[in-house]
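Good morning, and thank you for coming. I shall present one structure today, beginning with its interior and ending at its nucleic acid partner. Please look at the sequence and the model before I continue.

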Amino acid sequence: MDEKYYAEKIEEKWQKHWRQTGAFEVEPDDARPSFYCLEMLPYPSGFLHMGHVRNYSIGDALSWYKRLRGFNVLHPIGWDSFGQPAEQAAIKRDIMPLEWTEANIAHMRGQLQRMGVSYDWRREIAAHRPDYYRWDQWFFLKMHERGLAYKKMSPVNWCPQEETVLSNEQSSGGICWRCGASVEKRDIAQWFLRITKYAEALLDDMREIEAGWPERVLTMQRNWIGRSVGAYVDFQIKDADANAKVRVFTTRIDTIYGATAIVLAPDHPLIAGAPLKDDVARFAERVRAAAPKNPGEEEEKEGISTGLFALNPFSGEQIPVWAANYVLMEYGTGAVMSVPAHDERDFEFAQKYSLPIRRVIERISHEQEQIAHNEAALDQSVAMPHAFTDYGILVNSGDWSGKLSEDAMREMAEFAREKNFGEAAVTYRLRDWGISRQRFWGAPIPIIYCERCGAVPVPEKDLPVVLPSRADFTGAGESPLAGVSEFVNTTCPKCAGAARRETDTMDTFVDSSWYFFRYCDPHNAEAPFDAKKIAYWTPVGQYIGGIDHAVMHLLYTRFWTKMMRDLGLVSFNEPVKKLMTQGMVTNVVEGTGEWKKMSKSLGNGVDPDDMIAAYGADAVRLFILFASPPENELRWLEAGVEGAVRFLRRVYNTVFRWRDALPDAPKSAPAAEELSAQARHLRHETHRAIARVTEDFERMHFNTSVAALMELSNALGDFPSTPETTTLADRFSVREALESLVLMLTPFTPHVAEELWEKLGHEGGILGGGACWPQLIEELARKDELEIPVQVNGKLRGRLLASAEASEEQLREAALADEKVRGWTEGKQVVKVIVVPKRLVNIVVR
RNA sequence: GCCGGUGUAGCCCAACGGCAGAGGCGCUGGUCUUAGGAACCAGAGGUUGAGAGUUCAAAUCUCUCCGCCGGCACCA
């Protein structure tokens, strides 16, 4: 053993040991409980950043802890290796996406290995390899069979100059990133997955994961799904045939007597038949061409009358049909009934275009706002200052007047259904998932277009549809894949005639929707995975990743699981039992003093390799876990890393100093009488630390675990005797403290823990030697003598020394008899004495 | 605007209704040193964002307000 702590040497040694012994390689084992610890797989950009290091440090700590607690731990990693940057590298630097991607993976794998993360590397997967993406294609075919994958027209960002499709990032600000031309929307046929079919289940099943997922992630998903309960109502178009109806969606059918217009989205199909259709078409064109609005900014409401009139099915009243920019074709039916008196947006619109305002809801409680109105007038345009949007009681609503909103909504929807002009309905903000990308570097969608047979799915036996190894990457024109004739030209699986392949590839969120199932059986050539292996490992016990994936990835993967369940592949509804969203890693931006997320553009990034080279992987990981709780922002402080090294050095020195004195210590615990007071105190500190660290691990409060380990280390430093003068019995307590400390450090700093464990006389490594988490002895963790604060009227006035077993009565007597306390109770009447055993006494006097 | 989170020492953060402080960073002083650094020892630092309520007792529970962070936002 070196006298000093040399991180680099120790880390190399143990990484080699782990590799050679396959320390983290696992297989299903029915005799042991499984634990699946998963971190979000990285995109192989080429370099690990601090956010990755934080993510994997958290996962690794938990994995080690669970192993030491006797779990069979699956801890895998892989690569989200399809996506745009590989194509951009091809355009810019003339390097093929495959080559670029594989080189990046090789480099990042090396970085992860130098971090010493305990992965089962045999299970590594990469989305861009045909043995992975063939199963993306297989799932697509299964969904296609069931009508869950379908094609429809949908807009893309289109650069008219380069005649190419752009991603949102490439068209930010409405301008093409390469040529600066203004970007247009263009409709093309694209593939969609029917996630909306699962909207209700995605909401309902949240019950199963509520306990293990952060509230805010579930809230974000709920907002995203946007369930809305209301009703459809059909309005007959006046002077047209009986089929000419406009269907609206409303959440407030109780306000229908206040409807003074129907408002359509500018691209609503009914406009084609309107008397003023040319004016409306010009208006719609202007709305479409309007500059893309800035987020957070509300556009001025604009509209135009269509010249049509509609009949209110409840009142029979005739109201005008308008088109306006604030009604969206994508939501509900693309048409609304405008009730200005009870909807802010309709109010604003009605005021601008002088539409009448009809008041039909009266407040029901004096706690609700009384809004000025003119009882005598039919139109409230002048009297009402703004809309009244609460529920209340119906007025001016024919036979329905006098009913409560809640009752009216239910009964009026039912009435509409009976009379066949509407029904109760639920709509969602959630749209189907568009997976088509007009790109090269993705999984090809396995469809063949035949002039005779139409769109034909590729037969399963012909999978995978493999990407060509080369293509021309210009960045302009159609997708590079479309230019590869040996890929595109094929024969129809049905009629064997000449046919063309689909050249769209899949969204990369497809790959990440099910990758963690593949880890369980990564080399299976017959199926995406084996059902028995899945049953042993999944669902995931703990998933760790950034909050940025709160909606898309985590919603898609929940959807995918439900789809797989319906295919009979898994037997549960939810793929992830517990989710932890880590905070971002920030650093000071030079010259501003502000803490911002590390990024290239701000120049405040810190290279993990540099830090590991300077301080060692153990110290970097320890600092990251110690500096703040995992969900919080982590402020990068190099002084903090230095502090971590200092701590490790202290522990190292303590082991070095004691190790020769320890082998002679008794193998089992000496009786308390044989130990000195200091040794008994040390045992107390040891077991207190075990209790705290264990509890904190269960809650993933790593920062406080580390603090407890530092306390234990301090207690060892305070131990008054030297190795030479300590009795054999006392040496037992030192060995116990050191071994506990080292074992509990393992999840944070596995390399140095292995090294110290070996120096404490254990062979074969921590896992190989069968070490396990230290066993808590509760009575040692308890303090036998306690200092009990005594309060008088809630103010601290004295302290008592009492045994932990002291009864309520004993504490009460002792408190009342205490001299200091009596100074405050003298001459007063004791009203009440509250005794909380082991904690405190409070005397209430008057 | 709506929803969620959060506010404790100069900073990161503990305290699961019971003494406001575990740990680290920084700062001040000391030991050591030619000096600095390192290491070790000691120490200072507070209206728990503000106000009200519940309670014997509130950082903790409830309400109102303020600040900050995040999500959604013409969603009918």
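A nonpolar core, as I shall use the term, is a set of buried Ala, Val, Leu, Ile, Met, Phe, Trp, Tyr and Cys residues joined through side-chain atoms within 4.5 Å. Buried means under 20% relative accessible area, exposed means over 50%, and partly exposed lies in between, with a 1.4 Å probe and protein chains only. The largest such core has 91 residues, of which Met50, Leu112 and Trp636 touch the most other members. Apart from this core lies another, of 88 residues, including Ala149, Leu463, Val465 and Val570.

Before going further, I should state the conventions. This is a predicted model, in which local features need pLDDT of at least 70 and side-chain atom pairs count only at pLDDT 80 or more, while totals for chains, interfaces and linings use all residues. Residues are numbered from 1 along each chain as its sequence is written, chains are lettered from A and ligands numbered from 1 in the order in which they are written, and side-chain values use heavy atoms, with hydrogens and water left out.

Let me turn to the overall picture. Chain A has 846 residues, and 52% of them count as buried. Its C-alpha trace spans about 110 × 90 × 55 Å along the principal axes. Chain A contains 26 helices and 32 strands; these are DSSP runs numbered from the N terminus, with helices being H or I of at least four residues and strands being E of at least two. Contact means heavy atoms within 4.5 Å. Among contacts in chain A between residues at least 6 apart in sequence, 71% join residues at least 24 apart.

Four domains are assigned in chain A: domain 1 (146–194 + 434–508), domain 2 (228–427), domain 3 (595–781) and domain 4 (785–845). Their bounds come from an automatic or database domain assignment. The centres of domain 3 and domain 4, taken over C-alpha atoms, are separated by 38 Å.

I return to the core member Trp636. Beyond its neighbours within four places in sequence, Trp636 is in contact with several residues, among them Met50, Val585, Trp595, Phe623 and Ile624. Two of these partners, Phe623 and Ile624, are among the buried residues of helix α18. How many of the residues of helix α18 are buried? Nine of the eleven are, and the helix, which runs over residues 617–627, is mostly covered.

Next, some points of backbone geometry. Most residues other than glycine have a negative phi, and most peptide bonds are trans. The peptide bond from Leu463 to Pro464 is cis, with omega near -5 degrees, and Pro464 sits in the loop between β20 (454–457) and α12 (485–488). A further cis bond joins Thr538 to Pro539, with omega near 0 degrees; Pro539 belongs to the loop between α15 (531–537) and β24 (542–546).

Met700 has a positive phi, near 60 degrees, and lies in the loop between α20 and α21. Is Met700 buried or exposed? Met700 is buried, because its relative accessible area is 6%. Lys838 also has a positive phi, near 70 degrees, in the loop between β31 (830–836) and β32 (840–845). At 49% relative accessibility, Lys838 counts as partly exposed.

Arg692 lies in helix α20 (residues 677–699). With 28% relative accessibility, Arg692 counts as partly exposed. Setting aside residues up to four places away in sequence, Arg692 touches Ala708 and Glu711. The side chains of Arg692 and Glu711 make a polar contact at 2.8 Å. A polar contact is a pair of N or O atoms within 3.5 Å; within protein, one must be able to donate a hydrogen and the other to accept it, and residues adjacent in sequence count only if both atoms are side-chain atoms.

Glu711 brings us to the RNA. Which residues are closest to RNA strand B? Of the 51 residues that surround the strand, the closest are Thr251, Arg345, Arg646, Glu711 and Arg799. Sugar and phosphate account for 62% of the atoms of RNA strand B that come within 4 Å of the protein. Helix α21 (residues 702–718) gives the most to the surface near the strand, with five residues; near means that a heavy atom of the residue lies within 4 Å.

As for individual atoms, a polar side-chain atom of Lys301 lies 2.4 Å from a base oxygen of RNA strand B. In the side chain of Arg699, an N or O atom is 3.5 Å from a base nitrogen of the strand.
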